[in-house]
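Thanks for making time this morning. I would like to walk you through one structure, so please keep the sequence and the model open while I talk.

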Amino acid sequence: MKADLHTHSNFSDGVNDPSENVRIAKEIGLKALGITDHDSVLGVVEAIETGEKIGMEIVPGIELSTLHSGQEIHILGYFINYKDKIFLDKLNELQKKRKIRNEMMIAKLNELGIDISMSDVVAKIRRSETNIGRPHIGEVLIDKGVVKTMNQAFKIYLGRHGKAYVNAIRITPEQGIDIIKDAGGVPVIAHPGIYGNDKLVVSLVEYGLEGIEVYHPDHNKNDKCKYQKLANTYKVLATGGSDFHGVRKGETFHSPIGSNSVSYDVVQKLKELSLNS
Ligand code: AMP
Ligand code: FE
Ligand code: FE
Ligand code: ZN
């Protein structure tokens, strides 16, 4: 009775249709699957449809991109009301700002002498609603032979210290928490081990987070132990998931569906918290 609470579909920077993630989850025997696309909930509907057909419980989710002092912080939201009009309008605004950021990054790449256009990037998406992200740009850089791997694309160009990096105009983590709560969801900080800023994690828990993503492929044993303790101390949920983005250019990012999954009890607790909010 396990649940993977963190997967991406091709409604954001994942490769698979939501229904493919659901089928994989079924094959490996999970009881529930979270769909947590970046700043989009459009994949949730398709996942639920497939889940009803083949017998897989879907946890409606989102992963909001926020910014704190120049650092990107991801906030997961579970059991959000994904049809809420105000919520969808807010996501629309975030998607518009992301588009501007993407265009600025393309312009920077052009300044560096790299021949890449927005239409090259758009050619990489499999549906018109895809919320385009840096991995799509990275794919083009690999195709054009500018870099060999996605890691290289991020290291040299797209990552925080990359030559074409642009800080998007983004909401703060606190605003992310508020948006999720206003949509009836449960806010959880994603992969805190990546940030190297546990003071911030604690301050966000005090602000209103209701969970910490303890189990994640980027967390080592120490991280998992530390964040499990933190979750216990602050009496918030310990969640986890694979952060699966599919297989792109032969590489699975982050890890296969089912890795870092948690007990189904966590799903029930998330559900209860969402009903109480
Ligand atoms: P964006 O949402 O457009 O700012 O892009 C950030 C996303 O890029 C993250 O959510 C990851 O999915 C992805 N990403 C970051 N680093 C890497 C990497 N080294 N390889 C593949 N994908 C990455
Ligand atoms: Fe991603
Ligand atoms: Fe993330
Ligand atoms: Zn993610």
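Thr 50 touches Ser 19, Val 22, Arg 23 and Gly 55, if we leave aside residues up to four places away in sequence. I should say at once that this is a predicted model, and please keep that in mind for everything that follows. Thr 50 sits in helix 2, and with a relative accessibility of 7% this residue counts as buried, since the cut-off for buried is under 20%.

Let me widen the view from that residue to its helix. Which residues of helix 2 are buried? In helix 2, which runs over residues 42–54, they are Gly 43, Val 44, Ala 47, Thr 50 and Gly 51. When we look down the axis of helix 2, these buried residues fall within an arc of 135 degrees, so they line one face of the helix. Glu 52 and Lys 53, by contrast, are exposed on the other side of helix 2. As for what lies over the buried residues of helix 2, the cover includes helix 1 (18–27), strand 2 (32–35) and strand 3 (57–68). After helix 2 comes Gly 55, which has a positive phi, near 85 degrees, and you will remember Gly 55 as one of the residues that Thr 50 touches.

Now to the metals, beginning with the zinc ion, ligand 4. Which residues coordinate the zinc ion (ligand 4)? They are His 6 and His 8, each through NE2, together with Glu 63 through OE and Asp 243 through OD, at 2.1 to 2.2 Å. The angles that the four donor atoms subtend around the zinc ion (ligand 4) run from 80 to 171 degrees, and therefore the arrangement is irregular. For orientation, the ideal angle at a metal with four tetrahedral donors is 109.5 degrees. Along the sequence, the donor residues of the zinc ion (ligand 4) have the spacing H-x1-H-x54-E-x179-D. Distant parts of the chain are linked here, with His 6 in the loop between strand 1 (2–4) and helix 1, and Asp 243, 237 residues apart from it, in the loop between strand 7 (237–240) and strand 8 (247–248). His 6 and Asp 243 are both buried.

From the zinc ion (ligand 4) to the iron ion (ligand 2) the distance is 4.8 Å. The iron ion (ligand 2) has as its protein donors two OD entries from Asp 13, plus NE2 of His 38 and NE2 of His 245, lying 2.0 to 2.7 Å from the ion. Around the iron ion (ligand 2) there are six donor atoms, and because they subtend angles of 51 to 149 degrees, this arrangement too is irregular. In the chain, the spacing of these donors is D-x24-H-x206-H. Asp 13 lies in the loop between strand 1 and helix 1, while His 245 lies in the loop between strand 7 and strand 8, so the pair ties together parts that are 232 residues apart in sequence. Both of these residues, Asp 13 and His 245, are buried. A further iron ion, ligand 3, is 5.7 Å from the iron ion (ligand 2).

His 38 and His 245 come back when we turn to ligand 1, which is surrounded by 14 residues, the closest being His 38, Arg 101, Arg 134, Asn 151 and His 245. A polar side-chain atom of Arg 101 is 2.6 Å from an oxygen atom of ligand 1, and for the side chain of His 245 an N or O atom lies 2.7 Å from an oxygen atom of ligand 1. In the case of Asn 151, the partner of its side-chain N or O atom is a nitrogen atom of ligand 1, at 2.8 Å.

I will finish with some details of the backbone. In general, most residues other than glycine have a negative phi, and most peptide bonds are trans. Ser 69, which is not a glycine, nevertheless has a positive phi of about 45 degrees; Ser 69 is in the loop between strand 3 and strand 4 (71–78), and at 67% relative accessibility this residue counts as exposed. Lys 249 likewise has a positive phi, of about 50 degrees, and is placed in the loop between strand 8 and strand 9. Lastly, the peptide bond that joins Phe 253 and His 254 is cis, with omega about -20 degrees, and His 254 belongs to the loop between strand 9 and strand 10 (262–263).

Conventions: Residues are numbered from 1 along each chain as its sequence is written. Chains are lettered from A and ligands numbered from 1 in the order in which they are written. This is a predicted model: local features need pLDDT of at least 70, side-chain atom pairs count only at pLDDT 80 or more; totals for chains, interfaces and linings use all residues. Side-chain values use heavy atoms; hydrogens and water are left out. Buried means under 20% relative accessible area, exposed over 50%, partly exposed in between (1.4 Å probe, protein chains only). Helices (H or I, at least four residues) and strands (E, at least two) are DSSP runs, numbered from the N terminus. The arc is that of the directions from the helix axis to the C-beta atoms. Contact means heavy atoms within 4.5 Å. Donors are N, O and S atoms within 2.8 Å of the metal (3.2 Å for Na, K and Ca); water is not among the atoms, so sites may look incomplete. Four donors count as tetrahedral if all angles lie between 85 and 135 degrees; four count as square planar and six as octahedral if opposite donors are over 155 degrees apart and all others between 65 and 115; anything else is irregular. A residue is near a molecule or strand if one of its heavy atoms lies within 4 Å of it. A polar contact is a pair of N or O atoms within 3.5 Å; within protein, one must be able to donate a hydrogen and the other to accept it, and residues adjacent in sequence count only if both atoms are side-chain atoms.
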